[in-house]
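Trainee: Could you take me closely through the surroundings of the ligand, contact by contact and then element by element? I would like one connected account rather than a list.

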Amino acid sequence: MKKIVIAIDGFSSCGKSTMAKDLAKEIGYTYIDTGAMYRAVTLYSIQQGFFSGNRLDEEKLRTSMDTIRITQRFNSETGRSDTFLNGVNVENEIRSMEVAGKVSLIAALPFVRHAMVPLQQKMGEEKGVVMDGRDIGTVVYPDAELKIFVTASPEIRAQRRLDELKAKGDTKSTFEDVLLNVKERDEIDSTRKEGPLRQAEDALVLDNSYMTIPEQKLWLLQQFHNVA
Ligand code: C5P
């Protein structure tokens, strides 16, 4: 069977990564979490003190881009994906609300995208890959054989994200905090100049607001079998 590239784009916290990992595990593909890469650059900027409040010293980040090494490892047996920043596993740290609150600012910077996009293209060059993000079907892999655009209502997405945070022991974040973050990220991601979040013309749209995870998985698997 020929190997293909599957691009899964869509709004924040709509379950793209769960769907993408499930599919990759099922069909023996690699999974690449491009959002985690922007999150890792954000974590690096926080660790290096490039932020004062929400203000970023862009110049400091720009001159450090060469020293940031981001790698990913997907375990196709367990379906777990890990992200490494200069060799350190940062998978948990990049999911914090602090990182979520700053990542869209970082991801809107053209020099950050110009570093991440070629890296993502390289990661998928052997095909047999499920990649999730915002601009995969439009910029990173415009020729992807299967493109999915996922959406769900902001309230449903915020509740899902809150449930995830709580499951990881976050007792501070409230529904309102998370909803605000989801809406802010949608706004910044959709209106930026470089690689904005938008549906590719040839993408299949999935509104998963009222779908269970097994239903989404089944739907995605059917789309894969239709093209592969
Ligand atoms: O997918 P996730 O929510 O982890 O992505 C975090 C952030 O990274 C998004 O809100 C967006 O600002 C940015 N992102 C992006 N392009 C991608 C993937 C993520 O700009 N391909």
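Mentor: In this predicted model, a polar side-chain atom of Asp135 lies 2.9 Å from a nitrogen atom of the ligand, which falls within the 3.5 Å taken here as the limit for a polar contact. Oxygen atoms of the ligand are met by arginines: one oxygen atom is 2.8 Å from an N or O atom in the side chain of Arg113, and an oxygen atom is likewise found 3.0 Å from an N or O atom in the side chain of Arg134. Taken alone, the ligand exposes 460 Å², and the protein buries 96% of that area.

As for where this happens, the ligand sits in the largest pocket, and the elements that give two or more residues to the shell around it are helix H2 (34–47), helix H4 (97–107) and helix H8 (175–191). Of these, H2 gives the most to the shell, with 4 residues. The shell around the ligand holds 16 residues, of which Arg39, Arg113, Arg185, Asp189 and Arg192 come nearest. By residue class, the shell divides into 8 charged, 5 polar and 3 nonpolar residues.

Turning from the ligand to the strands, an open sheet of 3 strands runs in the order E5-E6-E7, and its pairing is antiparallel. Strand E5 (70–75) and strand E7 (88–89) stand at the edges with a single partner strand each, so one side of each is left without a neighbour in the sheet. Strand E6 (residues 80–85) is joined to E5 by 6 bridges, the two running antiparallel, and within E6 it is Arg80 that serves as the bridge partner of Asn75.

Methods:
Residues numbered from 1 in each chain as written. Predicted model: local features only at pLDDT ≥ 70, side-chain atom pairs only at ≥ 80, totals over all residues. Heavy atoms only, no water. Near = heavy atom within 4 Å. Polar contact = N/O pair within 3.5 Å; in protein donor to acceptor, adjacent residues only side chain to side chain. Areas by Shrake-Rupley, 256 points an atom, 1.4 Å probe, with all protein chains shown as cover. 1 Å grid on protein atoms, 1.4 Å probe; cavity = no way out; pocket = protein on both sides within 12 Å on 5 of 7 lines; lining within 4 Å. Sits in = over half its atoms within 2 Å of the grid points. Nonpolar A, V, L, I, M, F, W, Y, C, P; charged D, E, K, R; others polar. Pairing = 2+ DSSP bridges.
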